[in-house]
Amino acid sequence: MKQHASLLGVEFDAVTLDQAAQRCVDICLRSNNSHVVMTINASHLCMIRRDVALAHACSAADMTVADGMPVVWAIRASGQRMPERVAGIDLMEGLLRGAASNGLCVYFLGAHQQVVEKLVRVCEARFPQLKIAGFRNGYFGPDEHEIIVDEIRASGAHILFIGLPSPFKEVWSERYRDRLQVPVILGVGGSFDVLAGFIRRAPRLFQSLGLEWFWRLMMEPRKLWRRYLSTNSEFIWLALREVVARRAYAARPEEAIAGSASVVRRDDRKVGTERRVADRRILVRRRSSVRDSQLPIPDRRRGIERRISERRARSANALKGIEVSA
């Protein structure tokens, strides 16, 4: 039985790394439709509050995992279950291993040309049975999008790894998912550079303590210090506020306000239904603060709710018969 958790208007799949990788492999083996898998960290949760297109993309994703210990800690602190962090680079390695074992083809899109070429050589050495359908660097303009989509679809890839920055990779994946016809589409950000050996990943101690961001800051201080200062501060404030609200209403369920994301009841069915409805309402209210939006507020509400309905319908059809242990 699937389990979910929500934080700051985003619904997460409460799965382990192995479960997430196995679910993706099962999709590749049993479905030809495109499924988008998103790894959401604290930075994404902050960007979603101001970016309507990113919010739509996250709502329509078929699987969303918590990439970052701060996100995992915040979900657990709010009284919800989250077994572990599922980092994009770890999920990518798991899928490469699974693809090699099951005869699946992969495609790499993103990073500099020398990086993606080195990545291909590294993957061929580490996974001799891996089938690489193709690769392309991440430097292209809007006029090339259609051509790239056609190339990826023609390659016959089962898994598409997108090594591009956020929110571009999330919005691009959602925009072209139906035309790509790739069973699993996974955005992995800067993982190409790490796996290719151009950037050193944080030691496991930093990862376990939730300080991988600090390691990256030390590696690229001029590039990241301003972003991390603002993003981390914003996330701490928003997450703390939601954790306190959820725990307060969990302690007084009889006083819960209808429509609040903090509603917690002991009836499992009522918990899931009310939480999802509440989170959609909160997400819509947050979208109303976006400046210079081209869509009126009612249209944004309908768009978000439609994306959520489509996501559930696609997941139900594609994963019918697939049982994943919690």
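These are my notebook entries on strands, a buried aspartate, a cavity and cysteines in a predicted model.

**Entry 1: the N-terminal hairpin.** I began with strands β1 (residues 4–7) and β2, which pair in the antiparallel sense over four bridges. The two strands form a hairpin with two residues between them. In the turn I noted Leu-8, whose phi is positive, at about 50°. To fix the register, I looked up the partner of His-4, and found that His-4 stands opposite Asp-13 in β2.

I then asked which way the side chains of β2 (residues 10–13) point. Val-10 and Phe-12 point one way, while Glu-11 and Asp-13 point the other way. In a regular strand, side chains alternate between the two faces of the sheet. I recorded Val-10, Glu-11, Phe-12 and Asp-13 as buried, all of them.

**Entry 2: Asp-62.** I located Asp-62 in the loop between α3 (52–60) and β4 (63–66). Is Asp-62 buried or exposed? Its relative accessibility is 8%, so I entered Asp-62 as buried, the limit being under 20%. I next looked up what the side chain of Asp-62 meets. It makes a polar contact with the side chain of Arg-177, at 2.4 Å. A polar atom of the Asp-62 side chain also lies 2.9 Å from the backbone nitrogen of Val-36.

**Entry 3: the second largest cavity.** My search for cavities of 30 Å³ or more returned four. I examined the second largest, which has a volume of about 80 Å³. Val-36, noted above for its backbone nitrogen, is one of the residues lining this cavity. Which elements give two or more residues to the lining? They are β3 (35–40), α8 (168–180) and β8 (184–187). The largest share, five residues, comes from β3.

The lining includes Val-37, Met-38, Thr-39 and Ile-40. Also among the lining residues are Lys-169, Glu-170 and Ser-173, as well as Ile-185, Leu-186 and Gly-187. Sorted by class, I have six nonpolar, three polar and two charged residues in this lining.

**Entry 4: cysteines.** How many disulfides does the whole structure hold? I found zero. For Cys-28, which is in no disulfide, the nearest cysteine sulfur is that of Cys-24, 6.9 Å away. A disulfide requires two cysteine sulfur atoms within 2.5 Å, so the separation of 6.9 Å does not qualify. I also looked up accessibility: Cys-28 is buried, with a relative accessible area of 7%. Cys-123 is likewise entered as buried, at 2% relative accessibility.

Terms used. Residues numbered from 1 in each chain as written. Predicted model: local features only at pLDDT ≥ 70, side-chain atom pairs only at ≥ 80, totals over all residues. Heavy atoms only, no water. Buried < 20%, exposed > 50% of the residue type's maximum accessible area, 1.4 Å probe, protein only. Polar contact = N/O pair within 3.5 Å; in protein donor to acceptor, adjacent residues only side chain to side chain. 1 Å grid on protein atoms, 1.4 Å probe; cavity = no way out; pocket = protein on both sides within 12 Å on 5 of 7 lines; lining within 4 Å. Points joined across faces, edges and corners; volume = space filled by probe spheres on them. Nonpolar A, V, L, I, M, F, W, Y, C, P; charged D, E, K, R; others polar. Pairing = 2+ DSSP bridges.
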